[in-house]
Amino acid sequence: MTRFSIITIAPFQYAHFRAFDEIKLLLYFSLSELGHEVTLRTNSFDESCTNIILGAHLLREDSFGEIPVDRILFNSEQLGGDFAEWTQKVAHLAFSHRVWDYSSHNISSLIRFIPSLDPQRAKRFRLGFQPSLRRISQYSSSEKSRFVFFGSVTQQRQAILNNIRISDRLLLDVYFGFYGFRRDAILACSRAALNIHSHPVRILEWTRILYLIANQIPVIALLHPSTYAEDDQLSYVLPCLEENPTPQLESYYATPELLVSHAQDAYVRISEVNQEHYTAQALDELLASGFSPAPSTLPASFDHQWRFSPMQRSPDPLWYRYTYSWLEADPRPLQQVHWEVGVFRQYHPDQNFAAEVFRPPLSLSTMQV
């Protein structure tokens, strides 16, 4: 058994590190299921264990020296093209740290950027089904009348969105900066979610799409002839060309039964792709490359369920700051949230939890977003 700490880089006043939430859950639970001891930290490293770092590209270069030597960087962003700065940072760190990346295209970009980079230091980490990603309840009483898109509106995305003609045959809402319960409540009431390439690199955004599939949200991917996808990822989405997308989107909008059927089929198939297997595969490759993870300090007979007890977690002020909004959309009593899903949603509660985060509960029907 090995000790792991999953580190999230959260720059000051930068709320979008929450985009790592689902990858963090996937790593946390799949490593735990393999019998490893796993903890969570924000903006701090633990030299006594193996650190897996999310968001290393958000670090300033003068902070690179603060990362303990030979840790694992998990890259969930697209590299190359307009992402040259991020590519440079990740490539620079790859000389002294290992890299797990969700995309083979990204790894090729790293090697092209620095040909002398040892390919053993950068490996693909495949993403599959993790039950902990199922977090969205399907509210049958909600009228699912709109498509939604979540994400930053880059120049490329703006151009694509401008080509979508909104009418009574196609309603679309665009959101940016929505995470946790606020985003999930909107998705639960939506007819389908659009996935749109943010930059010319055009790697299929599997890190975003996987969460939607795991929650049976229909996904329509706006694709380009240069879209890069691996394995059978495209089979899990409904395709639509970026150029003149309106007719195809109107066709999907008019056939909600097709959307539901596709989402259900995609969920059944992805649930057979076990993340625990992929995580074990990544660890095996890591050990084969000569990496020596930190051993656990716990006895083999220790009851590992301690990880799931809210009262055993240290409070994390940076995490509190961005989780308050989740409770606003949750109609359940606070104590139920605390004890049933507090750890699941990573509140890191302490004895002052109730006093710090109490808000009057709101139902989904009255929630303003």
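Is Arg126 buried, partly exposed or exposed, and what is its relative accessible area? Arg126 is partly exposed, at a relative accessible area of 25%, because the buried class ends under 20% and the exposed class begins over 50%. The model discussed here is predicted. Its chain contains 13 helices and 11 strands, and 55% of the 369 residues are buried. The points below cover the chain as a whole, then strand β9 and the strands that pair around it, then charged side chains, and last Tyr236.

**Whole chain**

- The accessible surface amounts to about 16,300 Å², and carbon and sulfur atoms account for 52% of that surface.
- Taking contacts between residues at least 6 apart in sequence, 77% connect residues at least 24 apart.
- Salt bridges in the whole structure number 13.

**Strand β9 and its partners**

- Strand β9 spans residues 192-196, and five of its five residues are buried, so the strand is largely enclosed by the rest of the structure.
- One side of β9 carries Ala192, Leu194 and Ile196, while the other carries Ala193 and Asn195; both faces are covered.
- β9 pairs with strand β7 (residues 147-150) in the parallel sense, over two bridges.
- Within that pairing, Ala193 of β9 is the bridge partner of Val148.
- β9 also runs parallel to strand β10 (residues 219-223), to which four bridges join it.
- Leu194 has Ile220 of β10 opposite it.
- Between β9 and β10 the chain passes through helix α6 (residues 206-214), giving a right-handed β-α-β crossover.

**Strands β7 and β8**

- β7 is joined to strand β8 (residues 172-175) by four bridges, and the two strands run parallel.
- Phe150 has Tyr175 in β8 as its bridge partner.
- A right-handed β-α-β unit is formed by β7, helix α4 (residues 155-162) and β8.

**Glu205, a buried acid without a salt bridge**

- Glu205 sits in the loop that connects β9 to α6.
- What is the nearest side chain of opposite charge to Glu205, and how far away is it? It is Arg157, at 4.4 Å.
- Glu205 is buried and has no salt bridge; the 4.4 Å separation from Arg157 does not qualify because a salt bridge requires nitrogen and oxygen within 4 Å.
- Leaving out residues up to four places away in sequence, Glu205 touches Gln78, Arg157, Asn195, Ile196, His197 and Ser198.
- Of these contacts, Asn195 and Ile196 are also among the buried residues of β9.

**Salt bridges between distant parts of the chain**

- Asp46 and Arg3 form a salt bridge through their side chains, with an N to O distance of 3.6 Å.
- Asp46 belongs to the loop between β2 (37-42) and β3 (50-54), and Arg3 to strand β1 (residues 3-8); the two are 43 residues apart.
- Asp46 and Arg3 are both buried.
- Glu230 and Arg124 form another salt bridge, at 3.4 Å from N to O.
- Glu230 is in the loop between β10 and β11 (238-241) and Arg124 is in strand β6 (residues 122-124), so this salt bridge ties together parts of the chain 106 residues apart in sequence.
- Glu230 has a relative accessible area of 10% and is therefore buried.
- Asp231 and Arg126 are joined by a salt bridge of 3.0 Å, N to O.
- This pair spans 105 residues, from Arg126 in the loop between β6 and β7 to Asp231 in the loop between β10 and β11.
- Glu22, Arg135, Arg183 and Asp184 belong to one network, built from salt bridges that share partners.

**Tyr236**

- Where does Tyr236 lie? Tyr236 is in the loop between β10 and β11.
- Its relative accessible area is 4%, so Tyr236 counts as buried.
- Not counting neighbours within four places in sequence, Tyr236 is in contact with Trp206, Ile213, His262, Ala266, Arg269, Ile270 and Val273.
- Tyr236 and Asp265 are 29 residues apart along the chain, and their C-alpha atoms are 8.4 Å apart.

Definitions and conventions. Residues are numbered from 1 along each chain as its sequence is written. This is a predicted model: local features need pLDDT of at least 70, side-chain atom pairs count only at pLDDT 80 or more; totals for chains, interfaces and linings use all residues. Side-chain values use heavy atoms; hydrogens and water are left out. Buried means under 20% relative accessible area, exposed over 50%, partly exposed in between (1.4 Å probe, protein chains only). Contact means heavy atoms within 4.5 Å. Accessible areas come from the Shrake-Rupley method with a 1.4 Å probe; for residues, only the protein chains shown count as cover. Two strands pair if DSSP finds at least two bridges between them. A crossover is right-handed if, with the strands pointing away from the viewer, the path from the first strand over the helix to the second runs clockwise. Lys and Arg count as positive and Asp and Glu as negative; His and the chain ends are not counted.
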